[in-house]
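Open the structure in a viewer and keep a selection box at hand. The tour below goes from one selection to the next and says what is found at each stop.

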Amino acid sequence: MIEFHNVSKRYPGSGDALSRVSFKLAGGEMAFLTGHSGAGKSTLLKLIAVLIRPTNGQVLINNENIGHISRRRIPYVRRNVGIIFQDHKLLFDRTVFDNVALPLVIAGVSHREIGRRVRASLDKVGLLNKEKSLPITLSGGQQQRVGIARAVVNKPPILLADEPTGNLDPELSREIMELFAQFQQVGVSVLIASHDLDLISQMGHKVLTLDEGRMVAGGMHNAPQGEPR
Amino acid sequence: MISPSVYIARHMQVMLATLGDMIRSPMSNLMTIAVMGIALALPTGLHVILKNVQQVTAQWDGAAQISLFMKPSVTDKQADQLANILQKRQDVKSVTRITRSEALEEFRKNSGFGEALEALEDNPFPAVIVVFPTEQSDNLLTVQTMLASFKQRPEVELAQLDMQWLKRLYAIMDFGRRGIWVLAAMLSLSVLLVVGNTIRLAIQNRRDEIEIIKLIGGTDAFIRRPFLYTGFWYGLSGGILSWLLVTLSIWLLSGPVSQLATLYDSNYSLSSLDLLGSIILLGLSIFLGLAGSWIAVSRHLDAIEPE
Ligand SMILES: Nc1ncnc2c1ncn2[C@@H]1O[C@H](COP(=O)(O)OP(=O)(O)OP(=O)(O)O)[C@@H](O)[C@H]1O
Ligand SMILES: [Mg+2]
């Protein structure tokens with residue numbers, strides 16, 4: 001599903017944020033991405049969502065190299081990738097329902113279908129009774145779950161989360177992680193950046209570890225330099 | 001992937017949603033619409049007035065006449081003979097004679113200087129022949145050659161074409177027409193800038209929203225759509241406002257104008273913007289609204305990229 005081959009990313013004016021990273025995440029597989037602050041976790045996730053482009057190497061989603069796709073194609077790639085942000089990125093002047101419905105509206109789903117799917121999604125994260133609320137009236141954990149409901153509402157095959165439990169208490173964090181595990185069980189590939197090592201080890205999934213931009217555990221051996229794969 | 005009916009429904013939905021947004025915050029929108037309406041009403045109103053002037057003069061257009069003032073030595077009889085000769089010309093429709101005594105009598109009646117005239121021994125008025133050209137020859141060029149040939153006549157002291165003023169009026173109107181075009185072009189440009197600026201502010205206000213929509217896979221077209229519809233509504237309502245302003249102004253002017261017309265023995269009444277003109281006004285206004293928002297959107301949307 002997701003494959004990185006010798007991927008490097010250098011931001012202008014600084015060293016390599018990622019260097020020669022290779023790994024594979026199969027369809028329906030769940031993995032944690034960990035490493036110290038500044039190790040390159042967010043950078044790796046942004047490459048999958050085409051928020052940034054790799055300096056070198058190949059980023060494949062379903063065997064398509066998305067590192068060089070045209071600007072016009074980017075939205076369609078993103079529709080296959082549900083993203084959960086640490087700061088939720090909700091629209092605060094819209095109801096919970098409208099926030100969750102946004103990906104479906106964008107995809108042109110019919111009105112009736114939207115109602116059905118938004119409620120199914122809110123039910124999944126346990127917020128069905130909050131559909132008419134404004135996000136500002138919800139707790140941090142509830143806002144995070146609205147973000148998750150929005151990310152999964154159009155059933156993307158890939159789910160990414162960047163420190164989704166950053167400022168939640170351990171119990172809530174665990175609940176959120178369990179939720180991700182449920183999506184994995186129905187065939188979604190899930191990749192979660194986190195440095196909550198305790199929780200990660202409890203969950204017992206594949207762990208990819210980054211150190212100074214290099215993948216030191218969980219990755220694949222790099223192909224010899226100069227001839228990627 | 002998306003069926004046509006869903007596609008159309010989506011457009012309708014965005015169209016109505018943007019209208020709803022505008023109605024919910026009327027003040028700032030009314031300002032933009034008022035600026036558009038007034039800016040478009042100005043050249044449109046001037047155009048309507050010019051068209052009215054054109055209509056009035058068109059009624060007088062077929063009324064060229066040449067007045068031939070005889071030399072003082074020419075007797076009424078000699079003038080009669082000349083009138084008969086002129087009457088036979090191909091390009092002359094009819095000829096009217098004013099004898100010296102008729103001219104005197106008329107002057108006495110209308111001027112109030114009758115007493116003073118009594119004191120004169122001789123009748124100071126010359127005989128006058130008024131020549132009306134036929135319809136075919138009633139144009140500026142032919143009439144002017146006729147005028148030239150009449151001037152050659154020994155009996156004629158002065159030949160005067162009563163169309164000179166018309167020619168001058170036409171020149172002034174032509175100038176006016178060009179002026180209106182220049183004005184219309186400049187004001188259209190300002191309308192474009194006003195809409196563009198309003199949309200630019202709207203884009204800035206919704207920066208976060210645009211960023212989030214891009215993050216979850218919204219296409220450029222999807223993001224552009226509400227702003228373009230907002231531009232459309234600005235154009236439509238600005239156009240309607242300017243139409244109302246023009247119609248109202250013409251209505252206010254029509255009373256005094258028909259009074260004036262009665263003084264000239266005419267039943268002329270002001271005509272307002274016709275159907276075609278109204279359609280052009282609305283179409284232009286909508287075009288300017290759309291174009292203004294298009295420019296703003298294409299200049300400012302690309303700059304918003306999610307991080
Ligand atoms: N936009 C950017 N411009 C320049 N350098 C950047 C940019 N974004 C990240 N970096 C650098 O790239 C490296 C990796 O950053 P990244 O955000 O991927 O780390 P991270 O593992 O997500 O860290 P954290 O756990 O603190 O979120 C860091 O050294 C960072 O300074
Ligand atoms: Mg990070």
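Start with chain B, coloured by secondary structure: from the N terminus on, its elements run α-α-β-α-β-α-α-β-α-β-α-α-α-α. That comes to 10 helices and four strands. Keep in mind throughout that this is a predicted model.

**Chain B as a whole**

Show the C-alpha trace of chain B alone and turn it along its principal axes, where the C-alpha atoms fill a box of roughly 105 × 40 × 30 Å. The radius of gyration of chain B is 32 Å, whereas a compact globule of 307 residues would have one near 19 Å. Colour by burial next: of the 307 residues in chain B, 40% are buried. Contacts between residues 24 or more positions apart make up 81% of the contacts in chain B with a separation of 6 or more.

Switch on the surface of chain B. The accessible area is about 18000 Å², and carbon and sulfur atoms hold 65% of it. For the charges, select the 25 positive and 27 negative side chains of chain B; the centres of the two sets lie 6 Å apart.

**Aromatic pairs**

Over all chains, a search of the whole structure finds three aromatic pairs. Select B:Phe107 and B:Phe125 for one of them, a tilted pair with 5.1 Å centre to centre and 50° between the planes. Why does this pair tie together parts that are 18 residues apart in sequence? B:Phe107 lies in helix α4 (residues 100-111) of chain B, while B:Phe125 is in the loop between α5 (114-118) and β3 (128-133) of chain B, so the pair links those two parts. B:Phe107 has a relative accessible area of 32% and is therefore partly exposed, since buried means under 20% and exposed over 50%.

Move on to B:Phe232 and B:Trp233. Their rings form an edge-to-face pair, 5.2 Å centre to centre with 70° between the planes. Are these two residues buried or exposed? Both B:Phe232 and B:Trp233 are buried.

**Chain A as a whole**

Hide chain B and display chain A, which has seven helices and 10 strands. Along the principal axes, the C-alpha trace of chain A spans about 55 × 40 × 35 Å. The radius of gyration of chain A is 18 Å, which agrees with the value near 17 Å for a compact globule of 229 residues. Buried residues are 55% of the 229 in chain A. Of the contacts in chain A with a separation of 6 or more, 69% are between residues 24 or more positions apart.

The surface of chain A exposes about 10400 Å², with 48% supplied by carbon and sulfur atoms. Chain A carries 28 positive and 21 negative charges, and the mean positions of the two sets are 9 Å apart.

**Helix α3 of chain A**

Bring chain B back and select residues 96-107 of chain A, which form helix α3. In this helix 10 of the 12 residues are buried, so the rest of the structure largely encloses it. The buried residues include A:Val96, A:Phe97, A:Asn99 and A:Val100. What covers the buried residues of α3(A)? The cover includes α2 (74-79), α4 and α5 (140-152) of chain A, together with α1 (4-24), α8 (207-215) and α9 (220-263) of chain B. Just after α3(A) comes A:Gly108, with a positive phi near 80°.

**A:Lys124**

Go on to A:Lys124, in helix α4 (residues 111-124) of chain A. A:Lys124 is partly exposed, with a relative accessible area of 40%. Apart from neighbours within four places in sequence, A:Lys124 is in contact with A:Leu179, A:Gln182 and A:Phe183. For a distance check, pick A:Pro54 as well: A:Lys124 and A:Pro54 are 70 residues apart in sequence and 35 Å apart in space, C-alpha to C-alpha.

**Two residues with positive phi**

Select A:Asn6, in strand β1 (residues 2-10) of chain A. A:Asn6 is a residue other than glycine, yet its phi is positive, near 50°. With a relative accessible area of 9%, A:Asn6 is buried.

The last stop is A:Glu163, in the loop between β7 (158-162) and α6 (170-185) of chain A. A:Glu163 is not a glycine either, and its phi is positive at about 45°. A:Glu163 counts as buried, at 14% relative accessibility.

Conventions:
Residues numbered from 1 in each chain as written. Chains lettered and ligands numbered in written order. Heavy atoms only, no water. Rg over C-alpha atoms; globule rule 2.2 N^0.38 Å. Buried < 20%, exposed > 50% of the residue type's maximum accessible area, 1.4 Å probe, protein only. Contact = heavy atoms within 4.5 Å. Areas by Shrake-Rupley, 256 points an atom, 1.4 Å probe, with all protein chains shown as cover. Lys, Arg positive; Asp, Glu negative; His and termini not counted. Charge placed at Lys NZ, Arg CZ, Asp CG, Glu CD. Phe/Tyr/Trp six-rings, centres within 6.5 Å; stacked < 30°, edge-to-face > 60°.
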